[in-house]
Amino acid sequence: MTQKQAREIFDLFRKMGKLLDADRRARPLTKAEFYLMNMLYDGKPANVTVLANRLRVSKTTVSKLIHCVEGKGYVQRITDSNDRRITYIQLTEQGKTLTRSCILSHKKSLVDMVDRIGEEDTNELIRIMNKIVEKGEKA
């Protein structure tokens, strides 16, 4: 791959990210808050260390993020019944509702965008993206 190709691919991924994030302005969440809440959306409470590892940020950063969304009523802290030193974070009902809404909005934006290129190009895009993921996982 040439430097020009690498730069073009990088720029395209950045532009795609911006297009997919266009609906984010309508959300009452920052991108980081959404990522955090999306990780908790599966219903499994997680502690600060697990969240920091998943988000690839420091525990201090995650703690600040949790504090912020906790203040908005989107997450709550749960103390482990067997070990009071352990605290888990989970979404509140309000947090689940908001996260679900954001996910659906994000999916709709993606569907709207991909619908414009047609089924054949969509299938080609899926094929190429799967190939990139497959090669990346083997590296």
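These are my notebook entries on a predicted model of a protein chain.

**Overall fold**

I started with the secondary structure. The protein chain has 6 helices and 2 strands. Going along the sequence, I read the order as α-α-α-α-β-β-α-α. So the strands come after four helices and before two more.

Next I asked how spread out the chain is, set against a compact globule. For 139 residues the globule rule gives 14 Å, and the radius of gyration here is 18 Å, well over that, so the chain is more spread out than a compact globule. I also looked up the extents: the C-alpha trace spans about 55 × 35 × 20 Å along its principal axes.

Then burial. Of the 139 residues, 24% are buried. The accessible surface of the protein chain comes to about 10,200 Å², and carbon and sulfur atoms own 55% of that surface.

For contacts, I took pairs of residues at least 6 apart in sequence; 45% of these contacts join residues at least 24 apart.

Charges, quickly: I have 27 positive and 18 negative side chains in the protein chain. The centres of the two sets lie 6 Å apart.

**Cysteines**

How many disulfides does the whole structure hold? My search came back with 0. I wanted to know why C68 has no bonded partner. The closest cysteine sulfur to that of C68 sits in C102, 14 Å away, which is too far for a bond, given that a disulfide needs the two sulfurs within 2.5 Å. Looking from the other end, C102 has C68 as its closest cysteine, at 14 Å, again too far.

Is each of the two buried or exposed? C68 is partly exposed, at 35% relative accessibility. C102 is buried, with just 2% relative accessible area.

**S101**

I moved on to S101, which has its place in helix 5, residues 93–115. At 43% relative accessibility, S101 counts as partly exposed. I checked S101 against R27: the two are 74 residues apart in sequence, yet their C-alpha atoms are 9.1 Å apart in space.

**P28**

P28 is in the loop between helix 1 (3–20) and helix 2 (31–40). Its relative accessible area is 44%, so I log P28 as partly exposed. What does P28 touch, leaving out residues up to four places away in sequence? I find E33, K72, Y74 and L98. As a distance check I took I126, which is 98 residues from P28 along the chain; the C-alpha atoms of the pair are separated by 31 Å.

**R56**

Backbone angles next. Most residues other than glycine have a negative phi. R56 is not glycine, but its phi is positive, near 60 degrees. Where is R56? I place R56 in the loop between helix 3 (48–55) and helix 4 (59–71). R56 is exposed, with a relative accessible area of 76%.

**T92**

Last residue on my list: T92, in the loop between strand 2 (87–91) and helix 5. Why do I call T92 buried? Its relative accessibility is 16%, and buried means under 20%. Skipping residues up to four places away in sequence, T92 touches G73, Y74, V75 and Q76. Y74 turns up in my P28 entry too, as one of the residues that P28 touches.

Terms used: Residues numbered from 1 in each chain as written. Predicted model: local features only at pLDDT ≥ 70, side-chain atom pairs only at ≥ 80, totals over all residues. Heavy atoms only, no water. Buried < 20%, exposed > 50% of the residue type's maximum accessible area, 1.4 Å probe, protein only. Rg over C-alpha atoms; globule rule 2.2 N^0.38 Å. Contact = heavy atoms within 4.5 Å. Areas by Shrake-Rupley, 256 points an atom, 1.4 Å probe, with all protein chains shown as cover. Lys, Arg positive; Asp, Glu negative; His and termini not counted. Charge placed at Lys NZ, Arg CZ, Asp CG, Glu CD.
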